[in-house]
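Trainee: Could we go through this one together, taking the labels and asking what earns each of them?

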Amino acid sequence: MTETIRAFIALDIPANTKALISKYQRVVKNSFPAARWTRPEGFHFTLKFLGEIETSRIDDVLEAAQGAARAKKFFACFGAAGVFPNALGARVLWLGLDKGADSVRALASGLSSALAPLGFPTESRPFTAHLTLARFRTPCRFDPASLPAHSMPDFEAARVSFYKSDLKSSGAEYTPLAVFDLE
């Protein structure tokens, strides 16, 4: 039997920014008691979800990802909150970017193009740079504009990681298997 892992590639968030996001979560948590909140160690911007991959393919994926991650570091700033799939049936609450969204989109596009020859399909939906704050077990009506404003400073986006994702009853656990510093 072939060994597999569940994996994805993500833009990492600096620790001090994770602390600010966590502080913001505490402000809005009481409004959503049924939500499952993302733990700070899980904050990231997914660039490419790979799903279950054979461990024998990891080196090829890393080589393709390293080439695509030859982008320059950039500064980003969080913007408004949003929900997926829509405000009438929200399942995911997220924070988007005001500054840096185009750079994240370009990174994701480069990764998708680099991984397509390895058999990883390109996403049919448009890419939205987002950081998941919470998930709702039951879809609900939700207006992200009802959330209080946040005041988080710019952060430097400087690192992309290849993560192994283990699904556990306590939530997903992410283990970085490789890290690529942006130039």
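Trainee: Leaving aside neighbours within four places in sequence, which residues is Ile-21 in contact with?

Mentor: Keep in mind that this is a predicted model. Ile-21 is in contact with Ile-13, Phe-43, Phe-78, Leu-131, Leu-133 and Met-152. Ile-21 itself belongs to helix H1, residues 15-28.

Trainee: Why is Ile-21 called buried?

Mentor: Its relative accessible area is 0%, and buried means under 20%, so the label fits Ile-21.

Trainee: What makes Phe-84 and Trp-94 a tilted aromatic pair?

Mentor: Two values decide that: a pair of aromatic rings is described by the distance of the centres and the angle of the planes. For Phe-84 and Trp-94 the centres are 5.2 Å apart, and the cut-off for pairing is within 6.5 Å. The angle between the planes is 35°; under 30 degrees would be stacked and over 60 edge-to-face, so this pair is tilted.

Trainee: Where do Phe-84 and Trp-94 sit in the chain?

Mentor: Phe-84 is in strand E4 (residues 74-84) and Trp-94 in strand E5 (residues 90-99), 10 residues apart.

Trainee: Is Phe-84 buried or exposed, and what about Trp-94?

Mentor: Phe-84 has 27% relative accessibility, and partly exposed is the range between under 20% and over 50%, so Phe-84 counts as partly exposed. Trp-94, at 13%, counts as buried.

Trainee: What makes Phe-136 and Phe-142 a tilted pair?

Mentor: Run the test again: 6.0 Å centre to centre and 45° between the planes. The distance is within 6.5 Å and the angle is neither under 30 nor over 60 degrees, so tilted it is. Phe-136 has a relative accessible area of 6% and Phe-142 has 7%, so both are buried. Together with Phe-32 and Trp-37, they form one aromatic cluster.

Trainee: Which residues touch the most other members of the largest nonpolar core?

Mentor: Leu-11, Leu-93 and Phe-162, out of 54 residues. Leu-93 touches, among others, Trp-37, Phe-136 and Phe-142, not counting residues up to four places away in sequence.

Trainee: And the largest pocket: which lining residues are closest to its centre?

Mentor: The pocket has a volume of about 1500 Å³. Of its 44 lining residues, the closest to the centre are Thr-46, Phe-49, His-130, Thr-132 and Arg-135.

Trainee: How many lining residues fall in each class?

Mentor: The lining has 17 nonpolar, 15 polar and 12 charged residues.

Conventions. Residues numbered from 1 in each chain as written. Predicted model: local features only at pLDDT ≥ 70, side-chain atom pairs only at ≥ 80, totals over all residues. Heavy atoms only, no water. Helix = DSSP H or I, 4+ residues; strand = E, 2+ residues; numbered from the N terminus. Buried < 20%, exposed > 50% of the residue type's maximum accessible area, 1.4 Å probe, protein only. 1 Å grid on protein atoms, 1.4 Å probe; cavity = no way out; pocket = protein on both sides within 12 Å on 5 of 7 lines; lining within 4 Å. Points joined across faces, edges and corners; volume = space filled by probe spheres on them. Nonpolar A, V, L, I, M, F, W, Y, C, P; charged D, E, K, R; others polar. Core = buried A, V, L, I, M, F, W, Y, C linked by side-chain atoms within 4.5 Å. Contact = heavy atoms within 4.5 Å.
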